[in-house]
Amino acid sequence: MRALRMQAGRVTAAGPGSVRPGGRTARVREAVRRATLAELSEHGYRGLSVETVAARSGVHKTTVYRRWGGAGGLVADALDAAAGEPWPVPDTGTLHGDLRAIARLVLTGFTDPRQGPVTRAFVSAAAQSAEAARALHAFFARRHEQAAAVVRRAAERGEVPAGTDAADVVRAAVAPLYHRLFITGEPVDEACADRAAAAAIAAARAGVFRQHSTDAGVSGAGVSGAGVTGTGAPPAR
């Protein structure tokens, strides 16, 4: 999903690709990404434009248009960069402690005064831009893949049945937070996060998320694929 791609020694505006670390290309991309995040924080997705990002980054707007295309491309590239950054997967020694920590990380990502506006803008962008939606999906896929490790460890310790779908347990632990934040608008706090995690653990222990033999072919996708109810709200990192 990277907005810049090296082809025959030149930078193109094609979709996913990779960029060489260092050099002018990397500096331009970083300047634009920082400006994008700042604009999202201050004005949200509706206020994001190539013109404002160009002015803020010092990169000519023609270059921004050519390489990122528009607001959706700017958001997609910012999400791509965030997905590649380290994320602190908890390891408290118990599934209860790990899932509670994950749920609280998601909560912080949306409610923190500094991170929250940007994270909510990412979700808003995904509802209006197919490019941003694909990027958000990929972001959550990465976070699911990372967070699923806490459930696998729990299965090894005997806390949940063998064959439990790790990603589904994680999704269940954070889905109520997304429901309150983006569907009902109800208040959400650490108590809500803790209850959501506890409910997911209870269901997992009861075998609700245990995969049957007919699910074996899709078990891998269950771990690496992602829905919007993912973990590690961007850029809660």
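Colleague: Before we get to Ala154, what counts as a helix here?
Modeller: Helices (H or I, at least four residues) and strands (E, at least two) are DSSP runs, numbered from the N terminus. Ala154 is found in helix H7. This is a predicted model, where local features need pLDDT of at least 70, side-chain atom pairs count only at pLDDT 80 or more, and totals for chains, interfaces and linings use all residues. Residues are numbered from 1 along each chain as its sequence is written, and side-chain values use heavy atoms, with hydrogens and water left out.

Colleague: Is Ala154 buried or exposed?
Modeller: Ala154 counts as buried, because its relative accessibility is 0%. Buried means under 20% relative accessible area, exposed over 50%, partly exposed in between (1.4 Å probe, protein chains only).

Colleague: What is Ala154 in contact with, leaving aside neighbours within four places in sequence?
Modeller: Leu95, Glu159 and Val160. Contact means heavy atoms within 4.5 Å. His96 sits 58 residues from Ala154 in sequence, and the C-alpha to C-alpha distance is 9.3 Å.

Colleague: OK, zoom out. How many helices and strands are in the protein?
Modeller: Ten helices and two strands. From the N terminus, the order is β-β-α-α-α-α-α-α-α-α-α-α.

Colleague: And what share of the residues is buried?
Modeller: 46% of the 237 residues. Among contacts with a separation of 6 or more, 69% are between residues 24 or more positions apart.

Colleague: How many residues are in the largest nonpolar core?
Modeller: 62, with Val75 and Leu99 having the most contacts inside that core. Helix H7 (residues 130-157) gives the most to this core, ten residues. A nonpolar core is a set of buried Ala, Val, Leu, Ile, Met, Phe, Trp, Tyr and Cys residues joined through side-chain atoms within 4.5 Å. In soluble globular proteins, nonpolar side chains tend to be buried together.

Colleague: Which residues is Val75 in contact with, beyond four places in sequence?
Modeller: Thr36, Leu40, Tyr45, Leu48, Phe122, Ala125 and Ala132.

Colleague: Now helix packing. At what angle do H5 and H7 pack?
Modeller: About 170°, with axes 10 Å apart. H5 and H7 are therefore roughly antiparallel. Axes are lines fitted to C-alpha atoms, for helices over the stretch in contact, and angles run from 0 to 180 degrees between N-to-C directions. Angles under 35 degrees count as roughly parallel, over 145 as roughly antiparallel, 65 to 115 as roughly perpendicular and the rest as oblique.

Colleague: Which residues make that contact?
Modeller: On H5, Leu95, Asp98, Leu99 and Ile102; on H7, Ala147, Val150, Val151, Arg153, Ala154 and Arg157. By class, seven are nonpolar, none polar and three charged. Ala, Val, Leu, Ile, Met, Phe, Trp, Tyr, Cys and Pro count as nonpolar, Asp, Glu, Lys and Arg as charged, and the others, Gly among them, as polar.

Colleague: Asp98 caught my eye. Buried or exposed?
Modeller: Asp98 is buried, at a relative accessible area of 0%. Leaving aside neighbours within four places, Asp98 is in contact with Pro90, Asp91, Thr92, Gly93, Val150, Arg153 and Arg157.

Colleague: What about H5 and H9: what is the angle there?
Modeller: H5 (residues 95-111) and H9 (residues 190-205) pack at about 140°, with axes 8 Å apart. They are therefore oblique to each other. That contact has eight nonpolar, one polar and four charged residues.

Colleague: Last one. Where is Glu42?
Modeller: Glu42 lies in helix H1 (residues 23-43). Glu42 counts as partly exposed, at 48% relative accessibility.
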